[in-house]
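Thank you all for making time for this. I would like to walk through one structure slowly, beginning with a single side chain and then widening the view, so please keep the picture in front of you.

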Amino acid sequence: MLGIDMDLADLVKFLENTWWLFGIILYYINNRISKFRNKYKHEGQVEHDIKNLSLIYERLIKYRIDFNASRITITQFHNGEKYYSNNSILKMSITHESDDDGVSRVFNDYQNILVSRYNKFIEILLKEEIVQYKKISELPSTYQDDMLLDLKLRGTENFYSIKLLSKSGNIIGFLSLCFIGDEELDIDKFKEFGNIIGFSLRS
C-alpha cells in the first residue's frame, strides 16, 4: 500500500508541475483540428458556390426566354477603394448576364462603376418596389439620367429593374430586364423571380 501511495503522490506532483505542457499540447491539437475543419468547410463552400452560380445562370436563361426579354442582368454593389475622407467608394458591377441571339453583351462595360454615376436611377430603386423605363427611344437626348441615356444608346426600348435584398433586408444589388422591342412585362412574375434570385445569392 505504501508503494502505491508513493506512486500516486509522485503522479500528482508530476501533473502539478507539468500542467502547462498538457495545455500546450491540447491547444496544438485543437488548433490543428480547427484548421482542418476550416479547410474542409472552405473547399465545400467553393463547390457550393460554383453549383449555385450555375443554377443562377440556368434560371436567368429560362426566365429571359419566358419573359421574351433581350437581356437580363444581375448587378451587385461592392466597395472599391477609399476617399481621402476614409469613406468607402461605393461601386457596382454586373455579375451575371444572359442575352438573346444577336444582342451584344454589356458585362465588360459595367464593371467597377461608381454608384454616383447612376444616382437618379439608384434613388428610384431605393424608394420604389420596381423601376420602369418605357419608350426610352422617345426621350430627348438632353434628359439628365445616365442610366436612361446608356439604355437609349444600346437600343433598349423598355427597361425594368427590381432590388435584390440581403438576409437582413438591405439592398445588395438589382435584377434588370431589357427589351429592344416594345414588349410589356408581367410585373408580378418579375417580382417573384426577383425573390428567387435574391434567395439564390444569399444561399
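Let me begin with Arg-117, which counts as partly exposed because its relative accessible area is 36%, a value that falls between the limits of 20% and 50%. Please keep in mind throughout that this is a predicted model, so that each value I mention has been computed from predicted positions.

Which residue does the side chain of Arg-117 meet in a salt bridge? The partner is Asp-150, and the N to O distance is 3.0 Å. Arg-117 sits in the loop between S3 and helix H2 (119-127), while Asp-150 belongs to helix H3, so this pair ties together parts of the chain that are 33 residues apart in sequence. The two partners are not equally covered, because Asp-150, with a relative accessible area of 14%, is buried, whereas Arg-117, at 36%, is partly exposed.

Now let me turn to the other salt bridges. In total, the structure holds 10 of them, and I will take two further examples.

In one of these, the side chains of Asp-100 and Arg-64 come together, with 3.7 Å from N to O. This pair also links distant parts of the chain, since Asp-100 lies in the loop between S2 and strand S3 (113-114) and Arg-64 lies in helix H1, 36 residues apart. Is Arg-64 buried or exposed? Arg-64 counts as buried because its relative accessibility is 9%, which is under the 20% limit, while its partner Asp-100, at 35%, counts as partly exposed.

My other example joins Glu-97 to Arg-71, whose closest N and O atoms are 3.5 Å apart. Here the link runs between strand S2, which holds Glu-97, and strand S1, which holds Arg-71, and the two residues are 26 apart along the chain. Both Glu-97 and Arg-71 are buried. These two residues also take part in one network, in which salt bridges with shared partners join Arg-71, Glu-97, Asp-99 and Arg-105.

Let me step back to the whole chain for a moment, so that the element names have a place. The secondary structure comes to four helices and six strands, and reading along the sequence gives the pattern α-β-β-β-α-β-α-β-β-α. The protein has 203 residues, of which 32% count as buried.

Next, we can ask about the empty space inside. Rolling a probe the size of a water molecule over the atoms shows where such space is left. How many cavities of 30 Å³ or more does a search of the whole structure find? The search finds two.

The largest cavity has a volume of about 180 Å³. Its lining is made of 16 residues, and those closest to the centre are Thr-73, Thr-75, Ile-94, Tyr-110 and Met-147. The elements that each give two or more residues to this lining are strand S1 (71-82), strand S2 (88-99), helix H3 (146-153) and strand S6 (171-179). By class, the lining divides into 10 nonpolar, four polar and two charged residues.

The second largest cavity has a volume of about 30 Å³. Around this cavity we find Ser-70, Arg-71, Val-103, Arg-154, Thr-156, Cys-178 and Ile-180, and you may recognise Arg-71 as the salt-bridge partner of Glu-97. Three of the lining residues are nonpolar, two are polar and two are charged.

From the cavities I move on to the largest pocket, which holds about 170 Å³ of space. Strand S5 (158-165) and helix H4 (187-202) each supply at least two residues of the pocket lining, and H4 gives the largest share, with five residues. Among the lining residues are Glu-129, Leu-164, Lys-191 and Arg-202. In terms of class, this lining holds three nonpolar, three polar and four charged residues.

I would like to end at the surface. Which residues form a nonpolar patch there? They are Ile-25, Tyr-28 and Ile-29, and together they have about 300 Å² of accessible area. Ile-25 has its place in helix H1 (residues 2-67), and Ile-25 counts as partly exposed because its relative accessibility is 40%. Helix H1 therefore brings us back to Arg-64, which lies in that helix but counts as buried, at 9%.

How values were computed
Residues are numbered from 1 along each chain as its sequence is written. This is a predicted model: local features need pLDDT of at least 70, side-chain atom pairs count only at pLDDT 80 or more; totals for chains, interfaces and linings use all residues. Side-chain values use heavy atoms; hydrogens and water are left out. On a 1 Å grid over the protein atoms alone, a cavity is a set of points where a 1.4 Å probe fits but cannot get out, and a pocket is an open set with protein on both sides within 12 Å along at least five of seven lines; lining residues have an atom within 4 Å of a point. Grid points are joined across faces, edges and corners, and a volume is the space filled by probe spheres set on the points. Ala, Val, Leu, Ile, Met, Phe, Trp, Tyr, Cys and Pro count as nonpolar, Asp, Glu, Lys and Arg as charged, and the others, Gly among them, as polar. Patches are made of residues with over 30% relative accessible area and no salt bridge: like charges are joined within 9 Å, nonpolar side chains (Val, Leu, Ile, Met, Phe, Trp, Tyr) within 5 Å. Accessible areas come from the Shrake-Rupley method with a 1.4 Å probe; for residues, only the protein chains shown count as cover. A salt bridge is a side-chain nitrogen of Lys or Arg within 4 Å of a carboxyl oxygen of Asp or Glu. Buried means under 20% relative accessible area, exposed over 50%, partly exposed in between (1.4 Å probe, protein chains only).
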